[in-house]
Structure formats: structure tokens, C-alpha cells
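Please walk me through this protein chain, beginning with its overall form and then moving to the packing of its helices and to a few individual residues.

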Amino acid sequence: MEIPNDIRTATLALVESMKNDATIRLYLNARDAVEADPEASALQNQLFELYENLISRQQQGERLSDEDIQAFNSLRYQVRVHPLVAQRENALIQIKPYLAQIADEISNALGIDYTTLADPQCSGGCS
């Protein structure tokens, strides 16, 4: 399905407007700082890899040891308390209500619940 030009234009205008918003900028800058910092990004990548490994092992029927769980929790704590990650997470908390408000405005303009339609798990309809 091809997106009509007027919808594409309106979407790009919304994106540019959001990128210029001070609250969104704080989050984007904090996200970029985490990605640019070798220590923060390495810790974060380690956590994602360990999480995926543990989930895979569980799905294969393996019972995780207390040491596995403790190692995961320890690494997760290290990531959470890293100053750049904490700054990014605080910025994310601040923009979530703003993003919900934008979604509500889109829903009102469409006359339907935009967030439900955007949820891939609701392709057959959610209530």
C-alpha cells in the first residue's frame, strides 16, 4: 500500500516538530550520549546479550541457576546506575506522557484509537 503524499508530508512535519521540542531533544541527546559512550554502550550491549542468552536457555527448558540470575541482576543494576543511562531513562519518563498526548490527538483527529490500530498484536482487532 502506498502512502499518499499529503499523509507523508504531515507525518514528516510532525516528526520535525517533535525533534525540535525541548523535552524530546533532551531524550534524543541523552540517547545519543549513551550510544557514544563506550562504557555505557558496552554495558548495555552486555545486558541485552545476557538477557537473550538466558531467555533462550529457559525456552529450551533449562532451569537457570541462582548464579545466572544474580549475574543478570548485578549487570542490570550496573546499567541502571550508569549516569548516562540513568539520564536517558529519566528523559524517557518525561516524554512518555507527551507521546501519549500526541497519540491521543492523532486518535481524536482520526476518530479511532490510533494506538490500538498501531499495535501489531491487534491486527485482527483488539477491544
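The paragraphs below go from the whole chain to its helices, its cores and two single residues.

This is a predicted model, in which local features need pLDDT of at least 70 and side-chain atom pairs count only at pLDDT 80 or more, while totals for chains, interfaces and linings use all residues. Residues are numbered from 1 along each chain as its sequence is written, and side-chain values use heavy atoms, with hydrogens and water left out.

The secondary structure of the protein chain consists of 6 helices and 0 strands, where helices (H or I, at least four residues) and strands (E, at least two) are DSSP runs numbered from the N terminus. The radius of gyration, taken over C-alpha atoms, is 19 Å, well over the 14 Å that the globule rule (2.2 Å times the number of residues to the power 0.38) gives for 127 residues, so the chain is more spread out than a compact globule. Along the principal axes, its C-alpha atoms fill a box of roughly 55 × 35 × 25 Å. Of the 127 residues, 21% count as buried, a term that means under 20% relative accessible area, with exposed meaning over 50% and partly exposed in between (1.4 Å probe, protein chains only). Among the contacts (heavy atoms within 4.5 Å) with a separation of 6 or more, 62% are between residues 24 or more positions apart.

Helix H4, residues 66-81, has 16 residues and reaches 22 Å from its first C-alpha to its last, close to the 22 Å expected at 1.5 Å a residue, the expected span being 1.5 Å times one less than the number of residues. Its buried residues are Asp68, Phe72, Leu75 and Val79. Seen down the axis of H4, these buried residues fall within an arc of 70 degrees (from the directions between the helix axis and the C-beta atoms), so they line one face of the helix. The face of H4 turned away from that buried side carries the exposed residues Asp66, Glu67, Gln70, Tyr77 and Arg80. The cover over the buried residues of H4 includes helix H3 (38-59) and helix H5 (83-110).

H3 has 22 residues and reaches 31 Å from its first C-alpha to its last, close to the 32 Å expected. Its buried residues include Ala40, Leu43, Leu47 and Leu54, together with the polar positions Ser41 and Gln44, and the buried residues of H3 pack against helix H2 (22-36), H4 and H5.

The largest nonpolar core (a set of buried Ala, Val, Leu, Ile, Met, Phe, Trp, Tyr and Cys residues joined through side-chain atoms within 4.5 Å) has 10 residues in all, among them Val34, Leu64, Phe72 and Val85. H3 and H4 each supply at least two residues of this core, and H3 gives the most, with 4 residues. Apart from it lies another core, of 8 residues, among them Leu28, Ala91, Ile95 and Ile102.

Two single residues complete the picture. His82 lies in the loop between H4 and H5 and is buried, with a relative accessible area of 9%; leaving aside neighbours within four places in sequence, His82 is in contact with Asp37, Glu39, Ala40 and Leu43. Ser107, placed in helix H5, is buried with a relative accessible area of 11%, and, with neighbours within four places again left aside, Ser107 is in contact with Ile112, Asp113, Tyr114 and Thr115.
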